[in-house]
Amino acid sequence: MSSSAPAESYPTAMQEGLHGCAVCGLISRPAPGAEEGRCPRCNEELAFRKRASVQRTWAYLLAAAICYVPANLLPVLTTTTATGTESDTILQGVVLLWSPTGWPLSLIVLVASIMIPSAKILALAYLLVTAQRGSVKNNTQRVRLYRVVEFIGRWSMVDVFVDTFTAALIQLQPLMSVAPAPGLLFFAAVVVLTMLAAESFDPRLIWDAANSKEEVHG
Amino acid sequence: MYNRPVVDDSLTLCLHCDLLQRLPDLLPGGSARCPRCDKELWRRRDDSLNRTLALSLAAAVLYIIANAVPMLGLTIVGRAASTTVLGGVETLWQDGQVLVAVLVMITVIIAPALQIGLMLAIVLGALRTSAPRWVGALMRHHPTTQTWSMIEVMMLGVLIALVKIADYATVVPGVALFVLGALVFVLAAMQASFDPREVWQKIEWAEDGVRHTTDDPASEAAS
């Protein structure tokens, strides 16, 4: 592994008036005075930062936080047996899975379905608030936090797949049948919305306050 | 309006912290990281196009098998049931969970198919001496298919479902389950062997296309 040439003063592309293409990586210079332009190699629309990144991320995040409530309160699965009907929320599903042999899987569902979505919402809100306040502290940790959020987001979908294939397989009417319940839609919405929120956040915003401070002092 | 390219091809920026920097010449297998935020900027791959082609062909074969045969089965008091990947989507749809059915369909059937199909097309296009512009258009959308392709997550979900169901019934793992397990690794290897920078350096520029059309006498007469 080799590191690219160390930069002492950390010149940023925005300070140099250069656009970097998020699609193909080409560095190009916009027309004089222009904020936006097109990448001459791949035709992508270019800007110094992702467009309306903070607003879009907040919008997705708030929508996800709203869906988070019914996702956890409403049942995700309905089991019908000869003796009656029973509905389970995600947390009840975790409890049902808990057994002397099944506890590791129960733990996976607990982490993937309950802890990761809430941690993602809190982490992105923290990144947005610190970026909006122009924080210059813990930049490296904050960008690492962003990468973790980006990486683990997809794993929350695991509960959707558990419920999908449990319902698909257990169709043994009248003995026993399992069907998805309304909570599943809200839960899937939380996963998708937090993934979209992570994608619309521009991690370069974490560094912008430090960059402009450098400009003032330097 | 097209930007003017910066002639120096080794100049790059870090998309995680905007640091402008120069990429070093890398040996195959070597990687360059941003000195400020530690993001991996580029990892040079050995024999990237041929290996990616081989792996994406293997992934295509596994994908077709995985979707054609049953994935899970169970037997309980003399009754048997089995389901395919698509069967899971169908049950959700019939139970009125249309949106969730569409989401599952996208993440385990459509996105993986596009991830493999686009990769095949990209590599075949890039193996020519000068890669045509449509390769760039496919490259633009490929990361999206990768984000939403969730076969590895589905595998974990299926395994948990298996353990849950094993309490009530005898579970019979189907052929597709093992094929999907292999596909997870082949897909990861396919992505890992691919070097987008190598392909972008071979692609015809969008700007040149505009130049050609403005050189065209018909459009010149129109302007």
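Modeller: Before we start, one definition: two strands pair if DSSP finds at least two bridges between them. Also bear in mind that this is a predicted model.

Colleague: Thanks! Over how many bridges do strand E6 of chain B and strand E7 of chain B pair?

Modeller: Strand E6 (residues 72–76) and strand E7 (residues 79–83), both of chain B, run in the antiparallel sense. One pair of bridge partners is Thr75(B) with Ala80(B) in E7(B). The number of bridges between E6(B) and E7(B) is 5.

Colleague: Which residue in the turn of that hairpin has a positive phi?

Modeller: E6(B) and E7(B) form a hairpin with 2 residues between them. A positive phi of about 30 degrees is found in the turn, at Val77(B).

Colleague: Do strands pair across the chains too, and if so, which residue stands opposite Ser28(A)?

Modeller: Strand E3 (residues 27–29) of chain A pairs with strand E1 (residues 4–5) of chain B, antiparallel and over 2 bridges. In E1(B), the residue opposite Ser28(A) is Pro5(B).

Colleague: Looking at the whole interface, which helix gives the most to the side of chain B that touches chain A?

Modeller: The contact involves 65 residues of chain B and 69 residues of chain A. On the chain B side, 40 residues are nonpolar, 14 polar and 11 charged. The helix that gives the most, with 10 residues, is H5 (residues 151–165) of chain B.

Colleague: Now to chain A: how is H3(A) oriented relative to H5(A)?

Modeller: Helix H3 (residues 103–133) and helix H5 (residues 158–169) of chain A pack with their axes 8 Å apart, at an angle of about 120 degrees. An angle from 65 to 115 degrees would count as roughly perpendicular, and one over 145 as roughly antiparallel. The angle of about 120 degrees therefore makes H3(A), relative to H5(A), oblique.

Colleague: And which residues of H5(A) make that contact?

Modeller: The contact residues of the two helices divide into 4 nonpolar, 1 polar and 1 charged. H3(A) brings Val109(A), Ala112(A) and Ser113(A). From H5(A) come Val158(A), Asp159(A) and Val162(A).

Colleague: One last residue: is Ala198(A) buried or exposed?

Modeller: Ala198(A) lies in helix H6 (residues 183–200) of chain A. Beyond its neighbours within four places in sequence, Ala198(A) is in contact with Leu124(A), Val149(A), Glu150(A) and Gly153(A). A residue needs 20 or more other C-beta atoms within 10 Å to count as buried. Because Ala198(A) has 24 C-beta neighbours inside 10 Å, Ala198(A) is buried.

Note on methods: Residues numbered from 1 in each chain as written. Chains lettered and ligands numbered in written order. Predicted model: local features only at pLDDT ≥ 70, side-chain atom pairs only at ≥ 80, totals over all residues. Axes fitted to C-alpha atoms, helices over the stretch in contact; angles between N-to-C directions. Helix = DSSP H or I, 4+ residues; strand = E, 2+ residues; numbered from the N terminus. Parallel < 35°, antiparallel > 145°, perpendicular 65-115°, else oblique. Contact = placed C-beta atoms within 7 Å. Nonpolar A, V, L, I, M, F, W, Y, C, P; charged D, E, K, R; others polar. Buried ≥ 20, exposed ≤ 12 C-beta atoms within 10 Å, placed from the backbone.
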